[in-house]
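I opened a notebook page for this model and wrote down what I looked up, entry by entry.

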Amino acid sequence: MSKKITRREAIKDMFFVGVGLASAGTLIQSCASRGSKPASGLSFTPMPDAPEGSKVDTRHWESLGCDLSLLGLGCMRLPSLPGGAGGHGGRLDQEAVNEMIDYAIAHGVNYFDTAPAYGESEVVTGNALSRHPRESYMIATKMSNFAFGPGNGPTLDAAKTMFERSLKNLQVDYVDFLLCHAVSSVEEFESRFVNNGVLDYLKEEKAAGRIRHLGFSYHGDNATLPILLDRSEWDFVQIQLNYLDWKYMATDEGGDTDSETLYKILRERNIPVLVMEPVKGGALANVSDGIEGVLVERHPNLSPAGNALTFVGSLPGVMVTLSGMSNMAQLKENVALFTDFKPFDQKEMDFMQTVADLYMSNTHIPCTGCSYCMPCPNGVDIPGNFRVFNTTSDELSIPDPEHKDKDYKQKRKVFLKRFKELGDGTADACIDCNACLPKCPQHIRIPDQLHKISNLVAKL
């Protein structure tokens, strides 16, 4: 070969040639429209809705003493009213939520996940679930004690108030699963839950029966998880897991983190694994046309989201696969997928890792769109900027500022148009105040990434 190429480049070439997506020496030019067929000309065949009266698959958990649906309804991205902002401050659509939860329960989904940090989610979810027998559902909420009290950290009194409010919002006498929310380091865990007595309080509530199972959601590195597991007895742990993060849970912190290692640590200790972000905040549901073509050729009856969810559901020890569904169409597709669920064998699991290699050959900022970083004090639409960059990157259409790539003018036009649609919230408004840094569960060096985007725009 005239030059050395990386493994990712070799995989990319192999895939594009294998499915006819590009001629030798050129990359595909993805369609700008998300509604069009992938560049391969293939399109997946949607699954039919689950039959009336059918139920999603369940798994029995001896350590928890219950049966749990393999699919859980994540209530962070519930449908909002026109002009609303969903679970992060906007008005949620109670009628639409009622319809979704009714359908989920009718088809055997019994795990519903919310949090005080999700805006109106607890209230709206409680309204919808309270219309059903209490034994027909299990509710999970969180101790989202991020706010600091008058002392040096989150206070016990504030935590007590938060838990009582959660019970009231959810209209229940107890919660089935309570999570210490978004733990990422030992220091943070001790500050938020140990030094102030909050963990002891939660254990007391568990002994009293108002918390049935106690765990935590984790956003830290591989080395820290075993330390936290040793600090207390945990009934379950929630981690971010999907086929991309299995090997590539890269963050700007540079920490050694991947879903595979976190999963194996929990499996070795026989701790049930609760999975969040199985489609990485929607990123794996809206892949580039080229990657979709690869997936369709291999699994013609699965959507990109279906591939991602099947990967997670195929792993032994997964307690529940949480999907943050925001409309009835997504719910019906996911219910159909997990009804008479067909897991991937090892060969298909390995294939999904090769797809991850292909995905990672594009520059990508690991933002899931959770909006925990918002609002920005200077008005920057942080997730909006990252969404514009990632969407364009996934289409293989980031313009080369040196004008060396094909179709430079068209790529430049599309990218700058998307960027300008952010209005006053563009990346160049970042002033490095760093208010966003401690809020990001992905540990993204947000100002650095915003400056990279701003510099690219300036060059263009």
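Where does D340 lie? I found D340 in the loop between α12 (328-338) and α13. I note at the start that this is a predicted model.

Entry on backbone angles. I looked up D340 because its phi is positive, about 55°, although D340 is not a glycine. I then checked its surroundings: D340 is exposed, with a relative accessible area of 53%. I found a positive phi at H443 too, about 60°, and H443 is not a glycine either. I placed H443 in the loop between α15 (408-420) and α16 (446-459).

Entry on the peptide bond. I looked at the bond from M374 to P375 and found it cis, with omega near 0°. I located P375 in the loop between α13 (346-360) and α14 (382-394).

Entry on aromatic pairs. How many aromatic pairs are there? I have a count of 11 aromatic pairs. I took F189 and F193 from among them: this pair is tilted, with 5.8 Å centre to centre and 40° between the planes. The angle falls between the cut-offs of 30 and 60 degrees, so the pair counts as tilted. I traced both residues to helix α5 (residues 186-194), where F189 and F193 are 4 residues apart and therefore separated by about one helical turn. Is F189 buried or exposed? I read 2% relative accessibility for F189, so F189 counts as buried. I read 0% for the relative accessible area of F193, which is buried as well.

I turned next to Y243 and F311, an edge-to-face pair with 6.3 Å centre to centre and 70° between the planes. I noted that this pair links distant parts of the chain, its members being 68 residues apart. I found Y243 in the loop between β8 (236-240) and α8 (245-248), and F311 in helix α11 (residues 304-313). I wrote down both Y243 and F311 as buried.

Entry on a cluster. Which residues form one aromatic cluster with F189 and F193? I listed F216, Y218 and W234 beside them.

Entry on charges over a ring. I looked at the ring of Y174 and found the charged end of R134 over it, 4.2 Å from its centre. I found the charged end of R212 over the ring of Y174 too, 3.7 Å from the ring centre. I drew Y174 in my notes with R134 and R212 marked at its ring.

Conventions:
Residues are numbered from 1 along each chain as its sequence is written. This is a predicted model: local features need pLDDT of at least 70, side-chain atom pairs count only at pLDDT 80 or more; totals for chains, interfaces and linings use all residues. Side-chain values use heavy atoms; hydrogens and water are left out. Rings of Phe, Tyr and Trp (its six-membered ring) pair if their centres lie within 6.5 Å; planes under 30 degrees apart count as stacked, over 60 as edge-to-face and the rest as tilted. Helices (H or I, at least four residues) and strands (E, at least two) are DSSP runs, numbered from the N terminus. Buried means under 20% relative accessible area, exposed over 50%, partly exposed in between (1.4 Å probe, protein chains only). A charge sits over a ring if NZ of Lys or CZ of Arg is within 6 Å of the ring centre and within 35 degrees of the ring normal.
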